[in-house]
Amino acid sequence: MTPRTPSAAEATAAEFAAKAAAARRAAETWRRTTVAQRVKTLRAVWKSLAARRAEVRAVVHEETGKPLVEIDLMELGAAGLLVDWMTAAAPRVLGDKAAGKPWSLFNKRAYERRVPRGVVGLITPWNMPFLIPFGDAFAAMLAGNAVLLKPSEWTTKTALWLEGAVAGTSLLPAGLLSVVTGGGAAGEAVIDATDMVVFTGSTKTGRAVAVRAAGQLKPAVLELGGKHPMIVLADAALDRAAAAAVWAACANAGQVCVGVERVFVEAEAYDRFVEKVRPRMAALRQKLDGRDCDLGRLVFPPLLDRIQEQLEDARKKGARVIGGEVLDRDNLLMSPALVLDARMDMRVMTEECFGPVLPVMKISRAEEAVALANAGSEGLAASVWTTDLAKGERLAAALEVGLVGVNEPSSHYAFGALPFGGMKQSGMGRRHGEEGLLAFTQAQSVVVHEWPDATPDMWWFPYDERKAGFLRKLMGLP
Ligand code: NDP
């Protein structure tokens, strides 16, 4: 039976203090390494982890019930793509950068150094228990930091495996990646014990994390919930759109923050789109052992009832719900649900569902869907589907989201170069991209006076009109 209680106990105060102190000590050593050394060492760490793919599969499957193929592609494959981009980009992004200077400061040299923040706190969810902690920890360590990771209580074993596997390479200072277990209280303690926090999870908890970090003037990067609207125009390539809708709504059993949560289809194409989606939903193979199947169970026990309530609300308000039955309550298994004739007054169209549910609503024109999507409080991901790429990109630009696709549902995470995160209530700051790497550092601006050695600068005391006249000319003042 799938566990009904979290997999690990709260770390005791003494255990927490020991982990936090180990991370702090490791940070002191690690910050003195060069970017080139970190790139080389961390690539070797990744190589060693990737070689243990079977163990990652086993522990992630045990905690989440995901299909094994999905663990390979989404948890490990995507991690490898991130490693490739980050390690290639790090020397350029994190290296010293010469600064331009005004002509009048010709005898000085200026540059920007990126200084690690120290210990970075990661508070991570249960839906991607390897990829999210690994990717953020890798970026933070590449930027010269230690990491104190508090995984979701539901996926603690995966995080402890990661901690052990990283330590087992003996390539990094002891404690550079330290894991503390527990629930909300451990998360709060992580914010208090670190210099920056990266949180992934619900908007409600994210707000509490931001408030606590702000009270201590610590930066927080937040990646929160979304309500991906997929907007299908009448001229879209409907086979690809239908396949994408089913995959992006049901991959990881729908527990993906950027996954498709609702589809708006222009009236002219609605029936044809539904015809193409129905058999694809019905063909999904669902199993608990992760082999030869497309989707598994839910991870977080309260989700099952929440999704059932959303489906019941849709039924009562006149939607046709196909599938969505609870197949095995003990094992959190429900069949994927197609919700036809959905309307905006149904909870399933406005509340985050986070399950294998695909509501489809008929609209008159794509612009109507853009307005409906923008009226919501989330702004994480969206997509537009049309063969008119120029129109697709115009509509995409009008969507108030951090991640948008044209004929593309949700591959952004795999592009290490692209900043990843949401607008409005879906988050603050970005992971990935130059912005994401730089966020793990602070700028130190350096000015070096080069010559002549002993002469005071002309704008220092004593002020006099003769010198000032010359300087005014130099500064371009009339
Ligand atoms: P939460 O946002 O509550 O949890 C995310 C992480 O924050 C977990 O590690 C959690 O610990 C920790 N946490 C909880 N309370 C605090 C706190 N006060 N201070 C610091 N850290 C804290 O998500 P849930 O797991 O409860 O899931 C609830 C819903 O959130 C889901 O149903 C889904 O809708 C959404 N969600 C969104 C995700 C996304 O990727 N955007 C990912 C996961 C969930 P612990 O779980 O151990 O208590």
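A pocket here is an open set of grid points with protein on both sides within 12 Å along at least five of seven lines. The views below all come from a predicted model.

**View 1. The largest pocket holds about 940 Å³ of space.** Start with the middle: F199, T200, G201, S202 and T205 are the closest to the centre, out of 37 lining residues. Four elements each supply at least two residues of this lining, namely α7, β6 (196–200), α8 (203–215) and α11 (302–316). Of these, α8 is the top contributor, giving five residues. As for chemistry, the lining splits into 14 nonpolar, 14 polar and nine charged residues.

**View 2. The second largest pocket comes in at about 400 Å³.** Zoom in on its centre and you'll meet M74, M128, V256, S410 and Y413, which lie nearest to it among the 22 lining residues. Helices α4 (68–94), α5 (131–142) and α9 (238–250) are the elements that put two or more residues into the lining. Here α4 gives the most, with three residues. Sorted by class, this lining has 16 nonpolar, four polar and two charged residues.

**View 3. Helix α1 packs against helix α7 at an angle of about 35 degrees.** The pair brings together residues 13–30 (α1) and residues 184–193 (α7), and their axes are 11 Å apart. Follow α1 past α7 and the crossing is right-handed. From α1, the contact is made by F16, A20 and R24, and α7 answers with A186, A189, V190 and A193. Count up that contact by class and you get six nonpolar residues, no polar ones and one charged. Helix α7 is worth a second look, since this helix also supplies at least two residues to the lining of the largest pocket, shown in View 1.

**View 4. Seven strands make up an open sheet with mixed pairing.** Reading across, the order is β10-β13-β14-β9-β8-β16-β17. The edge positions go to β10 (320–323) and β17 (403–406); each has a single partner strand, so one side of each is left without a neighbour in the sheet. On average, and with direction ignored, neighbouring strands are turned by 15 degrees against each other.

**View 5. At one edge of the sheet, β10 runs antiparallel to β13.** Strand β13 covers residues 337–340, and four bridges join the two strands. For a handy landmark, pick V321: its bridge partner in β13 is V339. Strands of a sheet pair through backbone hydrogen bonds, either parallel or antiparallel.

**View 6. The largest cavity encloses about 80 Å³ of space.** A search of the whole structure turns up five cavities of 30 Å³ or more, and this close-up sticks with the largest. Its lining counts 15 residues, with P229, R262, A373, E378 and V401 the closest to the centre. Three elements each chip in at least two lining residues: β8 (228–232), α13 (366–375) and β15 (378–379). One of them, β8, is also a strand of the seven-stranded sheet in View 4. By class, the cavity lining divides into six nonpolar, four polar and five charged residues.

Methods
Residues numbered from 1 in each chain as written. Predicted model: local features only at pLDDT ≥ 70, side-chain atom pairs only at ≥ 80, totals over all residues. Heavy atoms only, no water. Axes fitted to C-alpha atoms, helices over the stretch in contact; angles between N-to-C directions. Left-handed = near helix turned anticlockwise from the far one by under 90°. Contact = heavy atoms within 4.5 Å. Nonpolar A, V, L, I, M, F, W, Y, C, P; charged D, E, K, R; others polar. 1 Å grid on protein atoms, 1.4 Å probe; cavity = no way out; pocket = protein on both sides within 12 Å on 5 of 7 lines; lining within 4 Å. Points joined across faces, edges and corners; volume = space filled by probe spheres on them. Pairing = 2+ DSSP bridges.
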